[in-house]
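Labels such as "buried" or "salt bridge" rest on cut-offs. The questions below take some of these labels one at a time and ask what stands behind each.

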Amino acid sequence: MVLLLDSRLLLNKIRDIRCFTPRRNRVKVKWAASRPKYPPTTVALQHCDVNYGSQLGDMWPSIRVALLSERKYGALINNFSHDDSLLESLKEQGCVDFFCDTESVAQSGAEEASGAEFQGSLRPSYVDQSVNETPSALSPKIQCLVFPRGDISRFKPAKPDMFGLLGYYLMDAASVLPCLALDVQEGHSVLDLCAAPGGKTLALMQTQSVRFLCVNDSSVSRTTRLRGVLNSYIPKQYLTDENLRITSFDGTKWGEIESNTFDRVLVDVPCTTDRHSLMEEDNNIFSKMRTGERRRLPALQLELLLAGIQAACPGGEIVYSTCTLSNTQNVSVVEQAIHSARENCGIKVEVVDLQSLTHTFRKTFHFASDLPLGEMVVPHLAANFGPIYMCKLRRLT
């Protein structure tokens, strides 16, 4: 009886609250809108199971587990920071610079690059196997520290130095590889065509070799975020109009805006971003409202790569990269771009072999072994970086 009376009193109080709550402040939960039957992450996982299951075969189950686990990060060291104790502090925590952690691999890298894992005969004829990027050709000034294989420790947030510059930038360490493949040399002019959020732009600036860097992203809001990142890491004297230009143009039109200009072009295109799509509901390209955008991705990627090829000067080099495992967005886009550049633009390009780079860093990353074009870091529980696909092109005419 007492319980019944208490329940009635509680109901009366709820009614009173509703009566005195203005109608404009009342919220009625719309279950159909707030809790979709198939969340984007579920749709993404189903998509990956169907497509990558057939594409990757027996490799897919282990990659799937890694993609659904917490990724590993790397700390891209800011050479402009004045924190002298930073490197020592990170190494005391067990971190290693994966650029230096290559001794046992580098000794046999040249021999194994032509070994059983990568058969030259599987590469198309337009892959220039005589031009093989070697570790000595990579920028010596970029430093990126990671925890060793199997170590899932987390980095602490970076602290500012006496001038307010942060000591390191946390990013997927595999994302540094396209910047290394670009092989920026002293005095080069460089275009980063799809630059936001800014990790690869920072890596390019760490080389301290770029004569002029043009940074572009079609989204104004993302470009604003990119400016904030640069201001947090780079001294103002390096962010002047003389050596840096930040724009928000449509990247697919860059061949019309500025062609035959840059020594190096990085085309890090928008993609399905596999790991984000499987783990995050926010801004997920597999949401129902973005279905059309997702289906148009390969066409957009092709247009961006063609624009990057046109922006490069004859003899210049272009690196195409994504963070997806999809052959449709990786190898297929490169093949179509090579054909279209020749047939529609009169530009001949060749693919530069990157096998030496992958062999140099296989102690840190897990690489796919059977791609006809380009190289790809695949997620692995012991080395949970990626996915990152990259392919390097050289413009001949």
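Q: Why is Arg-245 called partly exposed?
A: In this predicted model, Arg-245 has a relative accessibility of 28%. Buried means under 20% and exposed means over 50%, so Arg-245 at 28% counts as partly exposed.

Q: What makes Glu-258 and Arg-245 a salt bridge?
A: The closest N and O atoms of Glu-258 and Arg-245 are 2.7 Å apart. The cut-off is 4 Å, between a side-chain nitrogen of Lys or Arg and a carboxyl oxygen of Asp or Glu, so the pair qualifies. Glu-258 sits in the loop between α10 (254-257) and β9 (262-268), while Arg-245 belongs to strand β8 (residues 244-247). The two are 13 residues apart.

Q: Why can such side chains pair at all?
A: Side chains of opposite charge can pair when their charged atoms come close.

Q: How do you know that Asp-49 and Arg-64 form a salt bridge, and where do they lie?
A: Their side chains meet at 2.8 Å, N to O, and the limit is 4 Å. Asp-49 is in helix α3 (residues 40-56), and Arg-64 is in helix α4 (residues 60-67). The pair, 15 residues apart, links distant parts of the chain.

Q: Are Asp-49 and Arg-64 buried, exposed or partly exposed?
A: Asp-49 has 30% relative accessibility, so Asp-49 counts as partly exposed. Arg-64 has 27%, so Arg-64 counts as partly exposed too.

Q: What makes Arg-264 and Glu-317 a salt bridge, and which elements does the pair link?
A: The N to O distance is 3.4 Å, which is within the 4 Å limit. Arg-264 lies in strand β9 and Glu-317 in strand β10, with their positions 53 residues apart in the count. Both residues are buried. They also belong to a network of salt bridges that links Arg-264, Glu-317, Glu-350, Lys-392 and Arg-394.

Q: How many salt bridges are there by this rule?
A: The count comes to 12.

Q: Why is Thr-322 called buried?
A: Thr-322 has 1% relative accessibility, and buried means under 20%, so Thr-322 counts as buried. Thr-322 lies in strand β10 (residues 312-322). Among the residues that Thr-322 touches are Asp-268, Cys-271, Pro-387 and Tyr-389.

Q: What makes the pair Thr-322 and Asn-330 a polar contact?
A: The contact joins the side chains of Thr-322 and Asn-330 at 2.6 Å, and the cut-off is 3.5 Å. A polar atom of the Thr-322 side chain also lies 3.4 Å from the backbone nitrogen of Thr-324.

Q: Why is helix α13 called oblique to helix α14?
A: Helix α13 (residues 297-311) and helix α14 (residues 331-345) pack at about 55 degrees, with their axes 9 Å apart. Roughly parallel needs an angle under 35 degrees, and roughly perpendicular runs from 65 to 115. The angle fits neither, so α13 is oblique to α14. Their crossing is right-handed. The contact includes Leu-302, Leu-305 and Ile-309 of α13 and Val-333, Ala-337 and Ala-341 of α14.

Q: How do you know that helix α8 is mostly covered?
A: In helix α8 (residues 199-206), 8 of its 8 residues are buried. Among the buried residues are Lys-200, Leu-202 and Met-205. Helix α8 is followed by Gln-208, which has a positive phi near 55 degrees.

Technical notes. Residues numbered from 1 in each chain as written. Predicted model: local features only at pLDDT ≥ 70, side-chain atom pairs only at ≥ 80, totals over all residues. Heavy atoms only, no water. Helix = DSSP H or I, 4+ residues; strand = E, 2+ residues; numbered from the N terminus. Buried < 20%, exposed > 50% of the residue type's maximum accessible area, 1.4 Å probe, protein only. Contact = heavy atoms within 4.5 Å. Polar contact = N/O pair within 3.5 Å; in protein donor to acceptor, adjacent residues only side chain to side chain. Axes fitted to C-alpha atoms, helices over the stretch in contact; angles between N-to-C directions. Parallel < 35°, antiparallel > 145°, perpendicular 65-115°, else oblique. Left-handed = near helix turned anticlockwise from the far one by under 90°. Lists of a residue's contacts leave out its neighbours within four places in sequence.
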